[in-house]
Every structure is written in C-alpha cells, then in structure tokens.
Amino acid sequence: MSRLRVGLVSWAHVHAPGLARTLAALPQVEFVGSFDETGAAHDGRTHPSLEALLKESEAVVLASTNAAHRRYTLDAAAAGVHVLCEKPLATTVADARAMLDACRDARVQLGVALPVRSSPAMVALKDAIESGRLGVVRAVRATNPGQYPGRWFGDRREAGGGAAMDHTVHVADALRWLLADEVVRVHAELGSFLYGLPVEDCGLLTLDLSRGAFASIDCSWSRPQTYPTWGGVTMHVVGERGTVDVDVFRQSLTHYDDAAGVTKLVGWGDDLNTLMVGSFVDAIIAGRPVPISGEDGLRSLEVVVAAYRSAELRRPVAIAEVA
Amino acid sequence: MRSVTLRIGVIGTGFAGSTHARASIGLPGARLTAIAAATIVEAEPLATELGARVAPDAAALCASEDVDLVIVASPTYLHAEHVIAAAKAGKHVFCEKPIARTLEDARAMVRACDEAGVRLAIGHVVRFFPEYRRAKELLDAGALGRAAVATLTRGTLPVGAARAWYLDPAKSGGVVLDLMLHDLDVLRWWFGEPARVYGKRLAGGGALDYALATLRYEDRPIVQLEASWAEHAGFRTTFEVRGDRGMLAHDSRAVAPFVVQSPAGDAGAGVIPAPTLRETPYRRQLRDLTERLARGEPPLVDGREGSRSLGLGLAVIESAERGEVVRWTVPA
C-alpha cells in the first residue's frame, strides 16, 4: 500500500496535537513531521523552515491561526503540495478566493478540515434524508456550542472574529451537504457577554436555503468551565414525514472523577479526525477530488461573513451581498 | 360575588377546558357548577363526569346566576366574544392563552372587563410550572450572573383532526400562538421586554407546523426559541440559560420520576402528559387565582400582561411573514 507523505504546518491551533496524533497513527500516512513558527519542538520531526517541511511533503495539514491560512496555502501550492486546511478556510472571502485560485493554478487539491461530515450519526442522517424516509426536510435547529478556546481565538486579527468564526462553519457545511442545497440568506445576533473579549462569544444564526428550508445555528462559546465536556454538535431536523435528533458526541461515558474533583464525559464513538483526515488522504492517493473542497470551505465562510454583516446592520443579509 | 364559595363555569371541553374543569374539583373555596361547549352533546360527558350541569351555550353560561367565575377555554378566535359576554354579566374571567387571535380583540376584552369592574386572568400556566419558577428564583438571585444566551424549546405531536380549528392559522395562530407563546411569556417574565425579534416558520400552516425565533434584548441576552408540532415522540420542553457565572439546563425527557413499561406499551405518551407533582400546575394556577379573587387582588397574569405576550407572538409571525427583523415595542 502506498503511503502519502504528510506534514503538519504550525501548532497554533488547539486541534494541532490531535491532528499530529492522527497523522502519526493513520496507516496510509507517512507523517514527515511539522514546522512551528514559534520554534518549539514537538513529537515527530521538527523542521527548521516551512520550505524544509514542504520539500518532504506531498500534502500538508494547516493548523495555524485562521489569518495565516492564506500565506501557508499559497506557499504549499507553489511547492506543489496538497493542502488540508483547518476550518474556517480563511478570515475573508478575498483570502479564500486567492487560496482556491492558487491551488487550482498549481494543480494541487485544497481540502477543509470539517470532521462533522464524518460522524456516523451524520452519515445516518444523510442516508435517512436521501432514502426519502423523512420526506422533504423543512427546518433544522442546530447547535455547536463550545468552551472559549483561549489563545488567539479572541483576537480579531488572527482569528477573523470570535465564536461565529470558530463554530459556524461546522454546521453550515454539514447543512449544505445534508440538504444538497446552498445557503442564500443569513440573520445573526452576536454578543460579547462572557469573557470580556473584543470579539463575540455568543451567537445565534438563522439561515435560509435556496429551496425553502431554514435552519438556526447556536455557535456560542457558552459551555461553562464546569461543563463535563468541551461542547458538542446537535441537530433537530424536521422533515415532512419524520423528525430526527442527532447528537454527534453523545456516545460517551460519564466519569465522576473524585481525584480531579470533576465530572467529565469520556467519548467512545468513532474518532472523527481519523475519519476526516483519512478520507482526505485516500482521495489524494487515489487521485480523486477530496471530499470537502476549498469551494465548500468558501461557501461556509460566506455564511460567517454574512452573519457578521447581518449583526452589524441588524437585518438579514443575502449571501450575494458578501460573495 | 358575595358567596363564600366561588362558583365556576367552564366554556369549552377540549384539552384546556377539561383540564381546568378537572383542576377545579376539590379546590378549597370553589365549586364547579356549569359547563358549556359548542353543542350540548359535547358538554355532557365532562359535566356528567364532574357533577356539573350543562349550560345550553356560552351566552347562557355567562348569564347564569350560579356562576361567579367564567373559565373561557373555547377556540382562540372565540375568546373575545365569550370574555366580553362574561364581563357584561358581571363575572370574573379566566381566559386560556392566547388571550385572543388579534390585539384588537384583546384590547376590547380588557376594556370590557375594566368597564364591568371584573378581573381578567390569562392562563399562562408555565409561570406555575415548578421548573420554570425555580429557574426564575435562581435568575433573580443572581445565581447565573447576567444572562447571555438562552434557548427554550417546546414541541408536541402534530395536531389531530379533532382540533381542526387549530389547523387554520387565521383562527389559532398556529404553532407560534399555541406553543411558542408560552416561552415568549416566560422570557418576558424572566428577562423583561426584548428589543427585536426575527421569526421563521413553515409556510402554509397545517398539521405540521414548526417555528424558530431569535430575540435580542437591548444589551443581552440573545435567545433562540423553537416551537414544534412535529415532535412525534410526544410532548417535550427544554431550556438552557447561560449567564456569565454559570448555566441552567432543563429537559423534560430527562426528569420523569415515574416511568411505566408494560407489554401493553407506553400509555403515557399523550399530547401533554400529566406532571408527577402533588399539585399540578393547572390546579396551582386556578388556586392562585381563586385566592387572589378572595383577597381582592389582581391576577398574576392579567389581560394587559396577556396582551403583551400575544403582541410578542404576533411580532414573531409578522417577522416570519415579512422575512425581516421586527422591532418590539410594548403595545399601549
């Protein structure tokens, strides 16, 4: 079996350690190490420069700040290296378009790390919708709340925004995929209520899709310190012939830990990073289009950008106004 | 009105009418005397069960000598006619929520009761559900700090053919005035008046109705509401309030203290299952009203308060129909 040589660019993102472990464990991957702009050393080989890492990689996973996605993607494309980019794809539509253009011109693939599509519960929902069992899906109430990740996530320059930039795209992308439809209009109420940040930590979005379905997304960093897990992803789906509840991370044990003085949930469901990175790598090896493309990343980013515009203007905003 | 015992007449024998009528049985200082429905035949079974007489129709019940308090639990679009008739006959009125289908009707009802010098109470019963009361106590005590983001959901089975008027949004207001109105009233009770609303609902009304609303308070919180007539597994409520010092969460599916299973299947999954409490919220609501009437005090939720919650529900519907944000100003 041929293995793909994959490197990790940057450790700025909270997901970086998990992605590194995933790359080290996947049988179809030869993890060639990482580059960290801070110069810190990590498990696996640490390369002194981005160029050194790109030279040994056929693909890279970007785990940098959001704002750095554009720069690293352009460098990787110029080196002929495929890119799996942490979400959101970029912090502006212009950056995202530049990334798509660069990868297309260099004939490398651009993928986005959106693990929710890999969830077996989401796949079951997709199957139920496509089988017609639910009838036409008319409405969805979705949530993707979490804890405030700290670091640069509350820095508008590095992150591009707050909770809405961090969490909207998981559900927006899953909705586009599940309903095989596009978001056309967005309403949002945002607020900085919990952590004294210059960016929003609470957000409620409402989306219109082109064929008439509507959906809401709670993207708030609203899970308290004492909450037993980081957050979650849920969907309440109303079809004309059936209603479905999906709770992606429901499969867990409750651990009452006297030693640590906490109660926490210990997940035992399928590891979504393994499935998500694995499907990207498999597509590259097979020469197929990657399952979640740069185009998909741009579409879900447009939802976020429209949400910020909506919150500012206090009215719903059409995607066409921001695309 | 001078009678020591408050004599109660009920108009309507649907879910609300039968619930209130049953809640009145054994209530200290009160006695159920008469029941009216659209037809005598519809009123008879409940009247027989509860030992009350059948009034020929709503107007006759309102005019009855042996009625001091009229409970109006007719279809929403008939509330104004029945409440005004009761007021003109000098009776206190308890009216099921929503107070009316339109604010014009609601205003006329409030005016009629004011002019007649009778009390008008509106049945926003969720204010008597202990989980919502306990949450209010915690919120008022500052247990969560300042509320930042909240979600409240309420769902039940699709409306059956037996309640056909429900399926006509012009008569009932659909799922927004049936279910979401409860949570809009809860929000006003917990947090005061919001600044603006954005609503979405399925077009066309009908048995499958579903609505979402986002509400914004001038500063905070922001709130997501869901109301569903597509909860095929049966009645469910949830709420979650996150403040800057903590979070409260409730799910009615997770708090049943008494669950029966048998080879005959689940007998408990009704439209709205009875809560496992010594005193049901409906009984508590009626007791609160009768005690206030005896003391000469206004009801907890009066006609003006019920009108404000109705107005907020109508703002959600207006927003959904126009596809725009609607600013909320308290109706005069």
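**Contacts between chains A and B, the domains of B, and a hairpin in A**

In this predicted model, 23 residues of chain A are in contact with 26 residues of chain B, two residues being in contact if their C-beta atoms, placed from the backbone, lie within 7 Å. On the chain A side, strands E6 (137-143), E7 (183-191), E8 (202-209) and E9 (214-218) each put in at least two residues; strands (E, at least two residues) and helices (H or I, at least four) are DSSP runs, numbered from the N terminus. That side of chain A splits into nine nonpolar, seven polar and seven charged residues. Here Ala, Val, Leu, Ile, Met, Phe, Trp, Tyr, Cys and Pro count as nonpolar, Asp, Glu, Lys and Arg as charged, and the others, Gly among them, as polar.

Residues are numbered from 1 along each chain as its sequence is written, and chains are lettered from A and ligands numbered from 1 in the order in which they are written. As the model is predicted, local features need pLDDT of at least 70 and side-chain atom pairs count only at pLDDT 80 or more, while totals for chains, interfaces and linings use all residues.

Chain B is assigned domain 1 (6-118) and domain 2 (127-280 + 310-327), with bounds from an automatic or database domain assignment. Their C-alpha centres sit 26 Å apart, and each domain brings 13 residues to the contact. Helices H1 (15-24) and H5 (103-116) of chain B each give at least two residues to the domain 1 side, which has nine nonpolar, two polar and two charged residues.

Back in chain A, strands E12 (252-257) and E13 (262-267) pair antiparallel over six bridges; pairing takes at least two DSSP bridges. Leu253(A) has Val266(A) as its bridge partner. Four residues separate the strands of this hairpin, where Gly261(A) takes a positive phi near 70 degrees.

Key
A residue is buried if 20 or more other C-beta atoms lie within 10 Å of its own, exposed if 12 or fewer, and partly exposed in between; C-beta atoms are placed from the backbone.
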